[in-house]
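Good morning, and thank you for coming. I would like to present one structure today, with attention to its aromatic pairs and its nonpolar cores.

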Amino acid sequence: MAQDNPTQLPQVLLLFPNPCFTVLESKASHKFHFLKAWDSPLPQAQFLQSHANSTQVLLSSALGPPITAQLLQLLPSLKLLITLSAGLDHVDFSACSARGVRIANSSPIFAADVADMAVGLFLDVMRKISAANRFVRDGFWVSRGDFVLGTKVGGKRVGIVGLGHIGLEVAKRLEAFDCKILYNSRKGKPSVSYPFYSDVCELAANSDALVICCALTAQTRHMINKNVLLALGREGVIVNVGRGAIIDEKEMVRCLVQGEIKGAGLDVFENEPEVPKELFGLDNVVLSPHKAALTADCFTDLTDLAMANLEAFLLNKPLLSEVVNH
């Protein structure tokens, strides 16, 4: 198709501005016509209705508006949703399935970076790296002497909740530290030899640490509750790089304050950007502002994957990162 007839190109709908969308458009404007809802003087619903019969692809991310059943009703010709995120808690998966809308996410791009952060948080909590840094900077090494000892990492039993792309990368890294890997997922994975626990409470009882890597769904919301935390115990550590609401945050804060679990490394929170203030004064807690997936290097990879999925869809080839089960 001619590049000077953009309206004749396959249309890709964008609901909100995003730096990745800008990069993608610069790479693909000769193949696709990008419809920017925010550039239109029309109200969004009216803008969507005006393109309802021609838009087959919607580009989204967890930072934008949720993909709801109501939104999908305005886009009856939609066939593909590409989201620049690993998690899908902003997507009504059932509504997409009911309408035959396929979903491609970016989990393969983010998996390694998120796993790096999960392991980093785990090491930090266990060896008290951030706390030791503050101890030295505040002059306490001179005034107070020796710093409290951390905990050995090697040989620890680490229970991974969600053994998908990210969970597998976490397992691979922690095996190099001589950790023993256990896991919980929707079902056991014959491709791995790690012990499988169908009950997350039983997993916690047999683990020295839990690393949360699963998606947030109706089934996993507050899955890590009081019983799970108490099963993890006073020597147990929890790391969360999934979504904040997978953990009952109030119970976790209570357990940390009262010493019912040993520590936590948290990249995600239940009501972001709000973080429970009780955590700020705890040296056994390491906090990060939901940046595990984002590195200076990931944006090129993200846009390349989105471009590849767009081209695969256009050529009726298999998507590179289609979400089949959720």
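Let me begin with the stretch spanning residues 120-292, in which helix accounts for 32% of the chain and strand for 14%. The C-alpha atoms at the two ends of this stretch are 10 Å apart. An unreviewed UniProt entry annotates residues 120-292 as "domain: D-isomer specific 2-hydroxyacid dehydrogenase NAD-binding". Please bear in mind that the model is predicted.

I turn now to the aromatic residues. A pair of aromatic rings is described by the distance of the centres and the angle of the planes. How many aromatic pairs does a search of the whole structure find? There are four. One of them joins Phe-16 and Phe-21: the ring centres are 5.4 Å apart and the planes meet at 65°, which is over the 60 degrees required, so the pair is edge-to-face. Both partners are buried, Phe-16 with a relative accessibility of 12% and Phe-21 with a relative accessible area of 2%.

Phe-135 and Phe-147 make another pair, with centres 5.0 Å apart and planes at 55°, and this pair is therefore tilted. It links distant parts of the chain, 12 residues apart: Phe-135 belongs to helix 6 (residues 129-137), while Phe-147 lies in the loop between helix 7 (140-144) and strand 6 (157-161). Are these two residues buried or exposed? Phe-135 is buried, at 10% relative accessible area, whereas Phe-147, at 25%, counts as partly exposed.

Phe-135 and Phe-147 also belong to one aromatic cluster together with Phe-140. Over the ring of Phe-140 sits the charged end of Arg-144, 3.7 Å from the ring centre.

My last topic is the nonpolar cores. In soluble globular proteins, nonpolar side chains tend to be buried together. The largest nonpolar core here has 76 residues, and those touching the most other members are Leu-15, Phe-122, Ile-160 and Val-170. Which helix supplies the largest share of this core? That is helix 5 (residues 107-127), with 10 residues. The core draws at least three residues from each of two domains, namely domain 1 (11-105 + 296-315) and domain 2 (110-287).

Leu-15 may serve as an example. Leaving aside residues up to four places away in sequence, Leu-15 touches Ala-37, Trp-38, Gln-44, Leu-48, Leu-58, Leu-59, Pro-65, Ile-67 and Leu-71. Apart from the largest core lies another, of 31 residues, including Ala-204, Ile-246, Ile-247 and Leu-266.

Thank you for your attention.

Conventions
Residues numbered from 1 in each chain as written. Predicted model: local features only at pLDDT ≥ 70, side-chain atom pairs only at ≥ 80, totals over all residues. Heavy atoms only, no water. Phe/Tyr/Trp six-rings, centres within 6.5 Å; stacked < 30°, edge-to-face > 60°. Buried < 20%, exposed > 50% of the residue type's maximum accessible area, 1.4 Å probe, protein only. Helix = DSSP H or I, 4+ residues; strand = E, 2+ residues; numbered from the N terminus. Lys NZ or Arg CZ within 6 Å of the ring centre and 35° of its normal. Core = buried A, V, L, I, M, F, W, Y, C linked by side-chain atoms within 4.5 Å. Domains from an automatic or database assignment. Contact = heavy atoms within 4.5 Å. UniProt positions renumbered as here; feature names shortened; annotations may be inferred.
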